[in-house]
Amino acid sequence: MPDKVSEMIERVLIREGRDTYTDDPSDAGGPTRWGITQGALAKWRGRPVSAADVAALGRSEAVAIYRHDYMAPFDTIEDPSLLELIFDFGVNHGVGTAATALQTVLQRIGYYTDTIDGDFGELSREALAKVQNDAALFYAVKCERLEAYMRYAGRKPANVIYLGGWANRNDQFEKQFAAADAGASVA
């Protein structure tokens with residue numbers, strides 16, 4: 001699925017403002033370019049980085065970070081709609097938060113019985129493989145993401161100004177059905 005992954009990363013780059021450098025004091029991410037925060041760049045490079053390092057971040061390194069740190073933890077997800085939603089969720093909230101949301105939904109529908117730990121490991125993958133209604137799972141994860149935005153704004157009321165944009169970002173994701181699914185019931 002390398003071509004699909006590259007397309008998903010390209011869409012994240014667009015949603016994140018392409019190569020725009022920002023350092024909005026009200027944004028907890030701090031200095032950011034290509035959607036990569038100072039903290040994410042420091043983790044990737046394995047050492048502290050400055051705001052100037054973030055400002056100088058090149059596109060190819062940003063793509064490598066997205067591929068390794070945000071896509072790879074979920075690259076066994078076969079449903080491309082769910083994969084892109086979870087990938088973008090991880091970019092926007094952190095990979096652990098995205099995995100927690102997926103585990104929460106899988107547990108709620110009875111497929112995941114282990115501890116919700118934010119690690120998309122073997123038990124999470126086994127639970128996901130049991131799902132029979134991909135659309136219902138997809139939209140439940142989308143709801144979890146919206147709830148995560150609401151909780152984030154609730155913990156830091158200054159973030160309420162971002163809720164509209166966050167909700168719009170979440171609304172960009174729709175379940176895409178394979179040609180074989182056309183006409184099949186989602187019930």
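**Entry: Cys 143**

I began with Cys 143, which sits in helix H8. The model I am reading is predicted. I looked up the accessibility of Cys 143 and found 46%, so this residue counts as partly exposed; exposed would need over 50%. I also checked a distance along the way: the C-alpha atoms of Cys 143 and Arg 15 are separated by 19 Å, with their places 128 residues apart along the chain.

**Entry: helix H6**

I turned to H6, which runs over residues 95–108. Does its length fit its residue count, and why? I took 1.5 Å a residue, which gives an expected span of 20 Å for the 14 residues, and the C-alpha atoms at the two ends are 20 Å apart, so the two values agree.

I then listed the buried residues of H6: Val 95, Ala 98, Ala 99, Ala 101, Leu 102, Gln 103, Thr 104, Val 105 and Leu 106. What covers them? I found that the cover includes helix H4 (59–71), helix H5 (80–93), helix H7 (122–130) and helix H8 (134–155). After H6 comes Gly 110, and I noted its positive phi, near 95°.

**Entry: Leu 102**

I picked Leu 102 out of helix H6. Its relative accessible area is 0%, so I put it down as buried. Which residues does Leu 102 touch, leaving aside those up to four places away in sequence? I recorded Ile 77, Ile 86, Phe 120, Leu 137 and Val 141. Asn 170 is 68 residues from Leu 102 along the chain, and I read 15 Å between their C-alpha atoms.

**Entry: the largest nonpolar core**

I looked up the largest nonpolar core, which has 45 residues. The members that touch the most others are Tyr 66, Phe 74, Ile 77, Ile 86, Phe 87, Leu 137 and Val 141. I then asked which helices supply at least two residues each. These are helix H1 (2–15), helix H2 (38–45), H4, H5, H6, H7 and H8.

From that core I followed Phe 87. Not counting residues up to four places away in sequence, Phe 87 touches Met 8, Ile 9, Val 12, Tyr 66, Tyr 70 and Met 71.

**Entry: aromatic pairs**

How many aromatic pairs does the structure hold? I found 7. One of them joins Tyr 66 and Phe 87: the ring centres are 6.2 Å apart and the planes stand at 85°, so I noted the pair as edge-to-face, the cut-off for that being over 60 degrees. Tyr 66 belongs to helix H4 and Phe 87 to helix H5, so this pair ties together parts 21 residues apart in sequence. Both Tyr 66 and Phe 87 are buried.

I then read a second pair, Tyr 152 with Trp 166, which is tilted, at 5.6 Å centre to centre and 55° between the planes. Tyr 152 lies in helix H8 and Trp 166 in helix H9, so here the parts tied together are 14 residues apart in sequence. Are these two residues buried or partly exposed? Tyr 152 has a relative accessible area of 29% and is partly exposed, whereas Trp 166, at 15%, counts as buried. I also noted that ring pairs link Tyr 149, Tyr 152, Tyr 162 and Trp 166 into a cluster.

**Entry: faces of helix H4**

I went back to H4 and wrote down its buried residues: Ala 62, Val 63, Ile 65, Tyr 66, Asp 69, Tyr 70 and Met 71. Their arc around the axis is only 165°, which puts them on the same side of H4. The face turned away from that buried side carries Ser 60 and His 68, both exposed. For reference I noted that an α-helix has 3.6 residues a turn, so residues three or four places apart point the same way.

**Entry: helix H9 and Arg 169**

In H9 I found Leu 163, Trp 166, Arg 169 and Asn 170 buried. Down the axis of H9 they fall within an arc of 125°, so they line one face of the helix.

I closed with Arg 169, in helix H9 (residues 163–171). Its relative accessibility is 9%, so this arginine counts as buried. What does Arg 169 touch, not counting residues up to four places away in sequence? I listed Arg 15, Glu 16, Asp 88, Val 91, Asn 92, Arg 145 and Tyr 149. With Asp 88 there is a polar contact of 2.8 Å between the side chains.

Conventions:
Residues are numbered from 1 along each chain as its sequence is written. This is a predicted model: local features need pLDDT of at least 70, side-chain atom pairs count only at pLDDT 80 or more; totals for chains, interfaces and linings use all residues. Side-chain values use heavy atoms; hydrogens and water are left out. Helices (H or I, at least four residues) and strands (E, at least two) are DSSP runs, numbered from the N terminus. The expected span of a helix is 1.5 Å times one less than its number of residues. Buried means under 20% relative accessible area, exposed over 50%, partly exposed in between (1.4 Å probe, protein chains only). Contact means heavy atoms within 4.5 Å. A polar contact is a pair of N or O atoms within 3.5 Å; within protein, one must be able to donate a hydrogen and the other to accept it, and residues adjacent in sequence count only if both atoms are side-chain atoms. A nonpolar core is a set of buried Ala, Val, Leu, Ile, Met, Phe, Trp, Tyr and Cys residues joined through side-chain atoms within 4.5 Å. Rings of Phe, Tyr and Trp (its six-membered ring) pair if their centres lie within 6.5 Å; planes under 30 degrees apart count as stacked, over 60 as edge-to-face and the rest as tilted. The arc is that of the directions from the helix axis to the C-beta atoms.
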